[in-house]
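This report describes the fold and the charged contacts of one protein chain. Please keep the sequence and the model in view while reading.

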Amino acid sequence: GLKCPLPSLMARKALRVAEPDAEICVVTDDPMAAIDVPHMCRQEGYDVISIAREGDLARMVLKRPA
């Protein structure tokens, strides 16, 4: 139910405090998040492992590199 930029900001915060090589999963129903979150990852140096759409939901697996 969160609208951008909140999913991207929350993902960035989680990745910043994650251990190196840790993966997080972001599930969102905002269609723009599937664009904004990977864009944030490219800018911040995080990896996008996968993006899957399931109906109105987007499930993204992100990784903090070592």
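## Fold, packing and salt bridges

His39 is found in helix 2. This model is a predicted one. With a relative accessible area of 38%, His39 is partly exposed, since the buried class ends under 20% and the exposed class begins over 50%. Between the C-alpha atoms of His39 and Leu9 there are 12 Å in space, and the two residues are 30 positions apart in sequence.

**The sheet**

The sheet is open and has three strands in the order 1-3-2, paired in the antiparallel sense. Strand 1 and strand 2 (47–54) take the edge positions with a single partner strand each, so one side of each has no neighbour in the sheet. On average, neighbouring strands of this sheet are turned by 15 degrees against each other, direction ignored. In general, the strands of a sheet pair through backbone hydrogen bonds, in either a parallel or an antiparallel arrangement.

How many bridges connect strand 1 with strand 3? Strand 1 and strand 3 (residues 57–63) are paired over six bridges. Within this pairing, Val27 has Arg59 of strand 3 as its bridge partner. Strand 2 and strand 3, which also run antiparallel, are joined by seven bridges. Here Ser50 is matched with Val61 in strand 3.

Strand 1 (residues 23–28) shows an alternating pattern of side chains. Ile24, Val26 and Thr28 point to one face and are buried. Glu23, Cys25 and Val27 point to the other face and are not buried. Val27, which is bridged to Arg59, therefore belongs to the set that does not meet the buried limit of under 20% relative accessible area.

**The helices against the sheet**

Helix 1 lies across strand 1 and strand 3, and its direction is at about 165 degrees to strand 1. Helix 2 (residues 33–44) lies across strand 1, strand 2 and strand 3, and runs at about 10 degrees to strand 3.

Two residues of helix 1 illustrate its surroundings. Is Ser8, a residue of helix 1, buried or exposed? Ser8 counts as buried because its relative accessibility is 9%, and the limit for that class is under 20%. Leaving aside residues up to four places away in sequence, Ser8 touches Asp36, Val37 and Met40.

Leu6 also has its place in helix 1 (residues 6–17). At 40% relative accessibility, Leu6 is classed as partly exposed. Together with Leu2, Leu9 and Met10, Leu6 makes a nonpolar surface patch of about 350 Å².

**Salt bridges**

Side chains of opposite charge can pair when their charged atoms come close. The structure holds four salt bridges, including those in the table below.

| Pair | N to O distance |
|---|---|
| Arg12 and Glu44 | 3.5 Å |
| Arg16 and Glu44 | 3.8 Å |
| Asp21 and Lys63 | 3.7 Å |

The closest N and O atoms of Arg12 and Glu44 are 3.5 Å apart. Because Arg12 lies in helix 1 and Glu44 in helix 2, this pair ties together parts that are 32 residues apart in sequence. Arg12 is partly exposed, at 23% relative accessibility. Glu44 is likewise partly exposed, with a relative accessible area of 33%.

Arg16 forms a salt bridge with Glu44 as well, with 3.8 Å between the closest N and O atoms. This pair links distant parts of the chain, Arg16 being in helix 1 and Glu44 in helix 2, 28 residues apart. The relative accessibility of Arg16 is 49%, so Arg16 counts as partly exposed.

Where in the chain do Asp21 and Lys63 lie? Asp21 and Lys63 meet through their side chains in a salt bridge of 3.7 Å, N to O. Asp21 is in the loop between helix 1 and strand 1, whereas Lys63 is in strand 3, 42 residues apart. Asp21 is partly exposed with a relative accessible area of 44%, and Lys63 falls in the partly exposed class at 22%.

Through salt bridges that share partners, Arg12, Arg16 and Glu44 are joined into one network. Glu44 is the partner common to Arg12 and Arg16.

Conventions. Residues are numbered from 1 along each chain as its sequence is written. This is a predicted model: local features need pLDDT of at least 70, side-chain atom pairs count only at pLDDT 80 or more; totals for chains, interfaces and linings use all residues. Side-chain values use heavy atoms; hydrogens and water are left out. Patches are made of residues with over 30% relative accessible area and no salt bridge: like charges are joined within 9 Å, nonpolar side chains (Val, Leu, Ile, Met, Phe, Trp, Tyr) within 5 Å. Accessible areas come from the Shrake-Rupley method with a 1.4 Å probe; for residues, only the protein chains shown count as cover. Helices (H or I, at least four residues) and strands (E, at least two) are DSSP runs, numbered from the N terminus. Buried means under 20% relative accessible area, exposed over 50%, partly exposed in between (1.4 Å probe, protein chains only). Two strands pair if DSSP finds at least two bridges between them. Contact means heavy atoms within 4.5 Å. Axes are lines fitted to C-alpha atoms, for helices over the stretch in contact, and angles run from 0 to 180 degrees between N-to-C directions.
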